[in-house]
Amino acid sequence: LVLGKEGGTLKLPDGSSSTQNFGDKSVLEEVVLPETITSIPNYSFNGYSNLNKCNIPNSVTTIGWLAFAFCTSLEYDELVLENVTTLGYQAFHNVKIRKIVMPKLTGCPQNGNESEANYGLKTYLEEVIIGPDLASIGFRSFIHYTALKYIVIQAVTPPTLGNYAFENTNNCPSYVPDSSVTAYREASGWVNYADRIKPLSEYTE
């Protein structure tokens, strides 16, 4: 089923609350989502290799597993997921994202193996900013993101940290609230990255 598809562009009608799979993966180039969308379910645009433009409205709170995986023509200089609280496993696998901002995210998904990627192409992502509600970072969540320059985590309480979450990430600093630097450096898992934990007051773009 393709709704409002004209010349490789898909425009979902106002009132839509969710996306679905839209058929021919070789044709679709642009998706326009309305502000009524709250969920982008698992596999919604998985493998749409010619998709090169898709907005993610502020109304979206959930992005499912592999929702945009293998959308290899899709590129964001800065992707702001303003109200996304739940991000699925490999949601943006192999998407080109230079900077990702997730102010409301509550948990960073884990990776099953080292090649999987949650936040876009591993050699492309440079900047990550996550808000104060983050409670957990999963196993291998950021492993092998070799272009990272920094990660900002605004949570006062150190999120639980899965094994190898920040392995091979260019020794990038993690900026955390000034009052929590010691707590992060001493927390389980975080202690392995203690020398990379910096006060947020030192952060500059």
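**Lysine 122 and its surroundings in a predicted model**

Outside its four nearest positions in sequence on either side, lysine 122 touches Asn111, Glu114, Ser115, Glu116, Ala117, Ile143, His144, Tyr145, Thr146 and Ala147. The model in which these contacts occur is predicted. Lysine 122 belongs to the loop that runs between β10 (107-108) and β11 (127-130). Its relative accessibility is 12%, and lysine 122 is therefore classed as buried, the limit for that class being under 20%. A polar atom of the lysine 122 side chain is placed 3.5 Å from the backbone oxygen of glutamate 114. Phenylalanine 142 follows at a separation of 20 residues in sequence, and its C-alpha atom lies 8.5 Å from that of lysine 122.

Glutamate 116, one of the residues touched by lysine 122, is also in contact with tyrosine 89. The side chains of tyrosine 89 and glutamate 116 form a polar contact at 2.6 Å. Tyrosine 89 is located in the loop between β8 (86-87) and β9 (96-102). With a relative accessibility of 18%, tyrosine 89 falls under the 20% limit and so counts as buried. Beyond its neighbours within four places in sequence, the contacts of tyrosine 89 include Trp65, Leu66, Pro109 and Gln110. Asn111 likewise appears among the contacts of tyrosine 89 and among those of lysine 122. Between tyrosine 89 and alanine 135, which are 46 residues apart along the chain, the C-alpha separation is 16 Å.

The loops described above adjoin strands of an open sheet. This sheet has 6 strands in the order β7-β9-β11-β13-β15-β16, and their pairing is parallel. Its edges are formed by β7 (75-80) and β16 (197-199), each of which pairs on one side only. From one strand to the next, the twist averages 20°.

Within the sheet, β13 pairs with β11 and with β15. The parallel pairing of β11 and β13 extends over 4 bridges, and in it glutamate 127 stands opposite tyrosine 150 of β13. Strand β13 (residues 150-153) is joined to β15 (residues 174-176) by 2 bridges, again in the parallel sense. Here isoleucine 151 is placed opposite serine 174, while valine 152 has tyrosine 175 as its bridge partner. The side chains of β13 alternate in direction: Tyr150 and Val152 point one way, Ile151 and Ile153 the other, and all are buried.

Glutamate 186 provides a contrast in accessibility. This residue is part of helix α1 (residues 181-186). Glutamate 186 is exposed because its relative accessibility of 63% is over the 50% limit. The C-alpha atom of glutamate 186 lies 9.6 Å from that of proline 158, a residue 28 positions away along the chain.

Over the whole chain, the secondary structure amounts to 1 helix and 16 strands. The radius of gyration is 17 Å, which agrees with the value near 17 Å for a compact globule of 205 residues. Along the principal axes, the C-alpha atoms occupy a box of roughly 55 × 30 × 30 Å. Of the 205 residues, 49% are buried. Contacts between residues at least 24 apart account for 43% of those joining residues at least 6 apart in sequence. The exposed area of the chain is about 9000 Å², with 47% supplied by carbon and sulfur atoms.

Note on methods: Residues numbered from 1 in each chain as written. Predicted model: local features only at pLDDT ≥ 70, side-chain atom pairs only at ≥ 80, totals over all residues. Heavy atoms only, no water. Pairing = 2+ DSSP bridges. Axes fitted to C-alpha atoms, helices over the stretch in contact; angles between N-to-C directions. Buried < 20%, exposed > 50% of the residue type's maximum accessible area, 1.4 Å probe, protein only. Contact = heavy atoms within 4.5 Å. Polar contact = N/O pair within 3.5 Å; in protein donor to acceptor, adjacent residues only side chain to side chain. Rg over C-alpha atoms; globule rule 2.2 N^0.38 Å. Areas by Shrake-Rupley, 256 points an atom, 1.4 Å probe, with all protein chains shown as cover.
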